[in-house]
Amino acid sequence: MQQFNRAFFRDLWQIIKPYWSRSPERWLARWVFALIIALNLFMVFISYRITQWYAVFWNALQHFQVQAAWTQMAIFLGLATLYIIAAVSQTFFTQMLEIRWRRWLTVEYLDAWLARGTFYHMQVLGDGTDNPDQRISEDLASFTSMTLNIAIGLLSSITTLFAFVFMLWELSALITIPWQGHTFTIPGYLVWAALIYAIFGTVITAWIGKPLIQLNFNQERYQADFRFSMMRLRENSESVALYRGEGEERHHFLRRFAEVYANYWRIIWRSMRLNWWSSGYGQAAIIFPILVSLPAYFVNKAIGIGGLQQIASAFGQVQGALSFIVSSYSSLANWHAVVDRLRFFQQSMEEVHRIQDNHYHIERRDGPYLRVDGLTVRLPNGRELVRDLDFALRRGERLLIMGPSGGGKSTLIRALAGIWPFGDGRVTMPAGDRPLFLPQRPYLPMGSLRDVLVYPFGMAAPDDERLRQALHLVGMATLADQLDEVKLWSHTLSLGEQQRLAFARVLIHRPPWLFLDEASSALDEPAEQALYGLLLEQLPDTAIVSVGHRSSLLAFHERCLRLDGRGNWTMEPINAPATGLALRLQPHPG
Ligand SMILES: Nc1ncnc2c1ncn2[C@@H]1O[C@H](COP(=O)(O)OP(=O)(O)OP(=O)(O)O)[C@@H](O)[C@H]1O
């Protein structure tokens, strides 16, 4: 089991503190938490009163006091009603606090993860093994629910323990034990009996049940592996179908499931052992307190049936509270794991933010046009992809970047976009302008075709006519009447069609600065030329930086930057670049 040491509590405090100390709803949260504690104390008080009630009620029955018995029935009704109201309210307020806390943490984590491209840098800089999606969707839910339940459960058990230990101590005075003609009392006799019984029972339960923690943990992991293997098939369904890899996949799934199956049998056997013990222990708990009180009942007649009932009930409360504390170690182990995962995730994000603050040597400045001064772009291992690059690009100008595969063209685009951390030099751009970067594989978000088209800038009220017109221009008029259709567009459209949609986006947003990283590579040459012609015609004031391999692209640019992949570069002018006018007559496919 993990250590509950200072480092753990420091980590825990880092996660807990922000909501309770600086969130806008901190006061509401504090009041609700105080109310939950008050309700809890109230419930312990009612349980205490009900335990006292046992004595009065059973004694009334034993002595055939009809009126007193009826009065006690009425009192019980009142106590039970109060208990139910308190229990239901306590659950309601706990759940309310849980979901509010989770909502706040989710927004915090999402913001930190999305800010400054952290989600991307975590992958580029880290080993990418952490699963942010799981941290944000599952671990935050478990964390808030476990933290509140453990805190409230422990608090309630400790108050119960104190209250009923006190009651048992007082009742112990009634129990006199006869021994060789003498009688004597043991101070706190019932308390010691309850403590010994509960500690003995829970320690044995823990001893038998301990392997279950690891087994359950493994079960979750095996299930996740099994599910993940099927998810991979879903993601790569086409490739697997083309390879006819079903047999291999089936073999793989069944191997994963065999782990689930075998581990579950281990859980069954271990649970059966635990059940033998805990059922016996539970049954014995009914009789044990009565057994230890019998001398007082039979020999000295110091207590009546009511006294026995009260002792049994108080005994049960003490035993329940102690068992909760001793057996909560298994939920504490899970909770520890959740806290560790969240802290690790938080630390990875903080590490990325720290690197962004201290190690981004590519300076970004505001200026009237795009200017690159002394830009060197490196790989994480220090290899230079481009060395000391200088160029300037004004609105309406067009630059093509060419070079061997793996030569650093995409990485240069990343550096211009401000998402590549390794390098130095300066990039100047108008700060108010929003450039648009089109990667080779367009990202199509989930949602309607309208959402796909207005991504990434969104639009308050998209002008459908403008969207249809853009679809028509890029040769995707067939989709013009499907703007409202919601589906996984990236699964149904070919890569070429997706690239056309990305060009439609450009026509819709009309960015002043456009970066195309092999954004038309999946199209045939005539279609690529038609789309470039369209850009030149429709967006004559837009500055364009393209990355591409085809020499036919040269005609659409005025300069060509050639990289050799070893850091060297040349900038060449292109003779007689095409104009939008010259290309207007090119037919648009589709
Ligand atoms: N996150 C990364 N960590 C380490 N190396 C990287 C990373 N991303 C890219 N590289 C390496 O950087 C080099 C340049 O990659 P880049 O994608 O910029 O090339 P490219 O010129 O665009 O290639 P292509 O024409 O094939 O698209 C490659 O050797 C690649 O393996």
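Let's start with the ligand in this predicted model: the residues of the shell around the ligand divide into four nonpolar, seven polar and one charged. Which residues surround the ligand? Val124, Leu379, Pro380 and Leu385 are among them, and so are Gly403, Ser405, Gly406, Gly407 and Gly408. Lys409, Ser410 and Thr411 complete the group. Helix H11, which covers residues 409-417, gives the most to this shell, with three residues.

Now for the sheet. Six strands form an open sheet with mixed pairing, and their order is E8-E11-E12-E6-E13-E14. Which strands stand at the edges? They are E8 (436-438) and E14 (569-573); each has a single partner strand, so one side of each is left without a neighbour in the sheet. From one strand to the next, the twist averages 15 degrees.

You can follow one pairing in detail at the E14 edge. Strand E13 (residues 559-563) and E14 run antiparallel and are joined by five bridges. Here leucine 563 stands opposite tryptophan 569 in E14.

Finally, look at the helical spans. In an unreviewed entry, UniProt lists residues 27-50, 70-93, 148-169, 189-209 and 280-299 under "transmembrane region". Two of these spans are set side by side here:

| Span | Distance between end C-alpha atoms | Helix | Strand |
|---|---|---|---|
| Residues 148-169 | 31 Å | 100% | 0% |
| Residues 189-209 | 30 Å | 100% | 0% |

So if you trace residues 148-169 in the structure, you will be following a span that is 100% helix.

Terms used. Residues numbered from 1 in each chain as written. Predicted model: local features only at pLDDT ≥ 70, side-chain atom pairs only at ≥ 80, totals over all residues. UniProt positions renumbered as here; feature names shortened; annotations may be inferred. Helix = DSSP H or I, 4+ residues; strand = E, 2+ residues; numbered from the N terminus. Pairing = 2+ DSSP bridges. Axes fitted to C-alpha atoms, helices over the stretch in contact; angles between N-to-C directions. Near = placed C-beta within 6 Å. Nonpolar A, V, L, I, M, F, W, Y, C, P; charged D, E, K, R; others polar.
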